[in-house]
Amino acid sequence: MAESAPTTAETRRLAEEARARVRFEEEALELSDQVYRVARRLVSSREEAEDLVQQTYERAFRSWRQFTPGTNLRAWLLRILTNLNIDRGRRQQRAPQTTSLDSEAGDYFLYNKLEAQVAEENPDEERVLERLSQDSIVDALADVPHDFRDVIVLVDIGEFSYADAAQILDIPIGTVMSRLHRGRRILKKNLADEAVTT
Amino acid sequence: MIDWCEKCEEMMQPYLDGVLSDHEVAEAERHLDECRWCAKRYRFEERLRHYVRIAAAEPMPPELKAKLAALRTPLH
């Protein structure tokens with residue numbers, strides 16, 4: 001009797017682990033749409049995003065024991081994804097790494113520029129923004145240098161908190177905030193450029 | 001003398017990101033109630049974020065979804 005006990009315990013442990021693994025995989029798969037949405041804007045092509053998401057899930061399923069249940073699985077998956085993206089060397093960079101933004105008035109740039117194009121009196125903000133096509137917004141975002149774009153994508157599109165974005169990118173929260181601020185300004189400048197050329 | 005418009009501008013991004021303290025939110029909203037220029041700028045920024053989020057959303061290709069599902073550990 002005493003000899004069979006460890007075997008039973010071991011069987012039970014393996015069964016429990018199998019159930020935990022299935023649960024983990026199901027939960028991770030439920031998040032795949034959200035993971036893809038972020039991935040798609042971190043890289044420049046759809047193919048690259050698909051590869052990245054697939055590699056992320058391969059790695060996540062291999063290393064599932066490293067995930068602490070009860071913590072943020074979406075952030076954990078995105079952490080894997082951004083690390084893979086960095087490992088891949090972020091090829092096919094569309095944007096230069098430095099963008100000159102000497103005018104501190106950049107924040108008002110889009111607002112003023114678009115506002116000037118519409119009705120003079122009391123322009124409706126929503127209509128101002130409707131002038132931007134989906135493609136022009138996507139292009140303007142893609143042209144933001146990646147360090148800044150990463151935080152915009154995580155916070156504005158992935159709807160991650162500053163703290164989660166900091167953890168995912170392995171940078172301090174203060175850096176998340178300053179990159180967001182600067183990145184959004186660059187994005188608005190790009191949008192203004194798109195708005196006048198379309 | 002505090003320049004509230006300047007302070008409001010500084011608070012705009014953290015306000016829209018929902019990271020201000022209750023006290024700061026109350027402070028910002030008090031000014032927004034009184035200042036049409038800042039209120040308009042806030043609305044513009046809010047709409048802009050909304051538009052970026054909508055424009056950037058691209059559904060995952062079904063083939064990829066199937067590939068990911070196939071990565072699951074087979075049940076014995």
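User: How do α2(A) and α3(A) lie to each other?

Analyst: They are oblique to each other, a word for angles that are not roughly parallel (under 35 degrees), roughly antiparallel (over 145) or roughly perpendicular (65 to 115). Their axes come within 9 Å and cross at roughly 135 degrees. Axes here are lines fitted to C-alpha atoms, for helices over the stretch in contact, and angles run from 0 to 180 degrees between N-to-C directions. Helices are DSSP runs of H or I with at least four residues, strands are runs of E with at least two, and both are numbered from the N terminus.

A word on the source: this is a predicted model, in which local features need pLDDT of at least 70, side-chain atom pairs count only at pLDDT 80 or more, and totals for chains, interfaces and linings use all residues. Residues are numbered from 1 along each chain as its sequence is written, while chains are lettered from A and ligands numbered from 1 in the order in which they are written.

User: What is the handedness of the crossing of α2(A) and α3(A), and which residues make the contact?

Analyst: The crossing is right-handed, meaning that the near helix is turned clockwise from the far one by less than a right angle (anticlockwise would be left-handed). From α2(A) come S32(A), V35(A), Y36(A), A39(A) and R40(A), and from α3(A) come R46(A), A49(A), L52(A), V53(A) and T56(A). Contact asks for C-beta atoms, placed from the backbone, within 7 Å. This contact has six nonpolar, two polar and two charged residues; Ala, Val, Leu, Ile, Met, Phe, Trp, Tyr, Cys and Pro count as nonpolar, Asp, Glu, Lys and Arg as charged, and the others, Gly among them, as polar.

User: At what angle do α8(A) and α9(A) pack?

Analyst: The angle is about 135 degrees, with the axes 10 Å apart, so α8(A) and α9(A) are oblique to each other. Their crossing is right-handed. D150(A), V151(A), L154(A) and V155(A) in α8(A) meet Y162(A), A165(A), I168(A) and L169(A) in α9(A). Seven of these contact residues are nonpolar, none polar and one charged.

User: Which residue is in the loop between α8 and α9 of chain A, and has a positive phi?

Analyst: That is E159(A), which sits in this loop with phi near 55 degrees, though it is not a glycine. E159(A) is partly exposed, with 13 other C-beta atoms within 10 Å; 20 or more would be buried, 12 or fewer exposed. D170(A), in the loop between α9 and α10, also has a positive phi, near 60 degrees. D170(A) is exposed, with 10 such neighbours.

User: Is R184(A) buried or exposed?

Analyst: R184(A), in helix α10 of chain A, is buried, with 24 other C-beta atoms within 10 Å. Leaving aside residues up to four places away in sequence, R184(A) touches I152(A) and Q13(B).

User: How many residues of the two chains are in contact?

Analyst: There are 31 residues of chain A in contact with 27 of chain B. Helices including α1 (4-30) and α10 (173-197) of chain A each supply at least two residues of the side that touches chain B. That side divides into 15 nonpolar, four polar and twelve charged residues.

User: What is the secondary structure of chain B?

Analyst: Chain B has four helices and zero strands. Its radius of gyration, taken over C-alpha atoms, is 21 Å, well over the 11 Å that the globule rule gives for 76 residues, so chain B is more spread out than a compact globule. The rule is 2.2 Å times the number of residues to the power 0.38. Along the principal axes, the C-alpha atoms of chain B fill a box of roughly 70 × 25 × 15 Å.
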